[in-house]
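Let's walk through this structure together, one region at a time. Please keep the sequence and the 3D view open as you read.

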Amino acid sequence: MRWLAIPLVLALAATAAPARAGALRDRLYDPADGVLVVAHRACHRPAPTRGFETAVPENSLAALERCVALGVDLVEIDVRRTRDGVLVVMHDAKVDRTTDGKGRIAGLTLAQVQTLSLNDGGGEAPPTLEALLRAARGRILVNIDLKGPYAAEAAEVAHRADATDWVLFKAKAGLGAPPIADQPLYRDLAFMPMVAGTAARRPRGLGQITALQASGDHQIPAVEMVALKHEGFVAVRDAARAARIRVWTNTLTEKGLRGMLDQSGDHRATRDPHKAWGRLIDQGVSIVQTDHPAILLDYLERRGLRGRASIALADAGSPRPASTGASSRSR
């Protein structure tokens, strides 16, 4: 039986007032206004401290609803394209791990995908990008991680779903590349450049990439760090501070520095959040993507770092974080 709550969820979402997401968008563009929480593949893990004892499928409408209920700021989703050209929300190239079916998304039609059930999802099928954006519109911001060259198609879907104010696109920026946010595609969409440690030979170059990407006519809200070492972290952070934009880092469990346990990652954070998330925030990070958003929310609320809390960026002389290897791109 198909998950019966989906039609009700979509109906409620269609009539939801945009006040909360509008406030979130304002906060996204204000680097001093608290720490923002991003749920990796939506809020799929249990959150017992907030009344959710069981898991729900990643990248699902159920996980989106949990994010809204938890008060998460952004939900990160993964997008792939079916054989007949429809964008659906799915992390893996194959459906084998997350559904009761088999095969590659690129080899299945939308009709075939909609016959699948997400594991432990009560019959919910993998949602289309449009369905998820309509459900999220006006309630939570959505960060889109495209698993292929679908940016123009995803932008078209965002326009069709009347969700352009609630989505954040991203792409890697190279040394000397003009501001990506000024491209016509992103004229009325939020865009965030990603700066990877391999984009320049010296940390100074990483700072230059950040400064140039923030210099365009179209304001960017943040820069995402991708596998930066300490010196690159400082260069990007200081350039972001000068440009008055946020610094985004990922602390996903599987992300480590050269295969070693990352002391700033989710694995450490669930045991000692102050030494993991805390040291990154104290160094100037103000957006954190995690697989454990409820635990991060609990920690931030204990420290008074939510809402209108002011975030003071550390300077280059401050004690260094254990590692920024966990800033690798969501995969």
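Before we start, a word on how residues are sorted here: Ala, Val, Leu, Ile, Met, Phe, Trp, Tyr, Cys and Pro count as nonpolar, Asp, Glu, Lys and Arg as charged, and the others, Gly among them, as polar. With that in hand, turn to the second largest pocket of this predicted model, whose lining divides into 3 nonpolar, 3 polar and 3 charged residues. The nonpolar share consists of Ala 55, Val 56 and Pro 57. His 44, Thr 98 and Asn 119 are the polar residues, while Glu 58, Arg 97 and Asp 120 are the charged ones. The space in this pocket comes to about 190 Å³.

Now step back to the chain as a whole. It has 331 residues, and 57% of them count as buried. The fold is built with 11 helices and 9 strands. If you take the contacts between residues at least 6 apart in sequence, 70% join residues at least 24 apart.

Helix α3, residues 61–70, is a good place to look next, and Leu 61 lies in it. Is Leu 61 buried or exposed? Its relative accessibility is 3%, so Leu 61 counts as buried, the limit being under 20%. The C-alpha atom of Leu 61 is 8.6 Å from that of Ala 131, although the two residues are 70 apart along the chain.

Helix α3 also takes part in a disulfide. A disulfide is a covalent bond between the sulfur atoms of two cysteines. How many does a search of the whole structure find? The search finds 1 disulfide, and it joins Cys 43 to Cys 67 with an S to S distance of 2.2 Å. Cys 43 sits in the loop between β1 (36–40) and α3, and Cys 67 in helix α3, so the bond ties together parts that are 24 residues apart in sequence. The torsion about the S-S bond is about 105°, which means that this disulfide is right-handed. Cys 43 and Cys 67 are both buried.

Next come the enclosed spaces: there are 2 cavities of 30 Å³ or more. The largest cavity has a volume of about 40 Å³, and its lining is made up of Glu 58, Asn 59, Val 89, Met 90, His 91, Thr 98 and Leu 118. Glu 58 and Thr 98 also belong to the lining of the second largest pocket. By class, the largest cavity is lined by 3 nonpolar, 3 polar and 1 charged residues.

The second largest cavity holds about 30 Å³. Its lining has 7 nonpolar, no polar and 2 charged residues; among them are Arg 25, Leu 28, Trp 166 and Ala 190. The elements that give two or more residues to this lining are α2 (19–28) and β5.

Finally, look at helix α6, residues 151–160. Which of its residues are buried? They are Ala 151, Ala 154, Ala 155, Val 157 and Ala 158. These residues cover an arc of only 160° around the axis, which puts them on the same side of α6. They pack against β3 (87–89), α5 (129–136), β4 (141–146) and β5 (167–172). Just after α6, Asp 162 takes a positive phi of about 55°.

Methods:
Residues are numbered from 1 along each chain as its sequence is written. This is a predicted model: local features need pLDDT of at least 70, side-chain atom pairs count only at pLDDT 80 or more; totals for chains, interfaces and linings use all residues. Side-chain values use heavy atoms; hydrogens and water are left out. Buried means under 20% relative accessible area, exposed over 50%, partly exposed in between (1.4 Å probe, protein chains only). Helices (H or I, at least four residues) and strands (E, at least two) are DSSP runs, numbered from the N terminus. The arc is that of the directions from the helix axis to the C-beta atoms. Contact means heavy atoms within 4.5 Å. On a 1 Å grid over the protein atoms alone, a cavity is a set of points where a 1.4 Å probe fits but cannot get out, and a pocket is an open set with protein on both sides within 12 Å along at least five of seven lines; lining residues have an atom within 4 Å of a point. Grid points are joined across faces, edges and corners, and a volume is the space filled by probe spheres set on the points. A disulfide is a pair of cysteine sulfur atoms within 2.5 Å.
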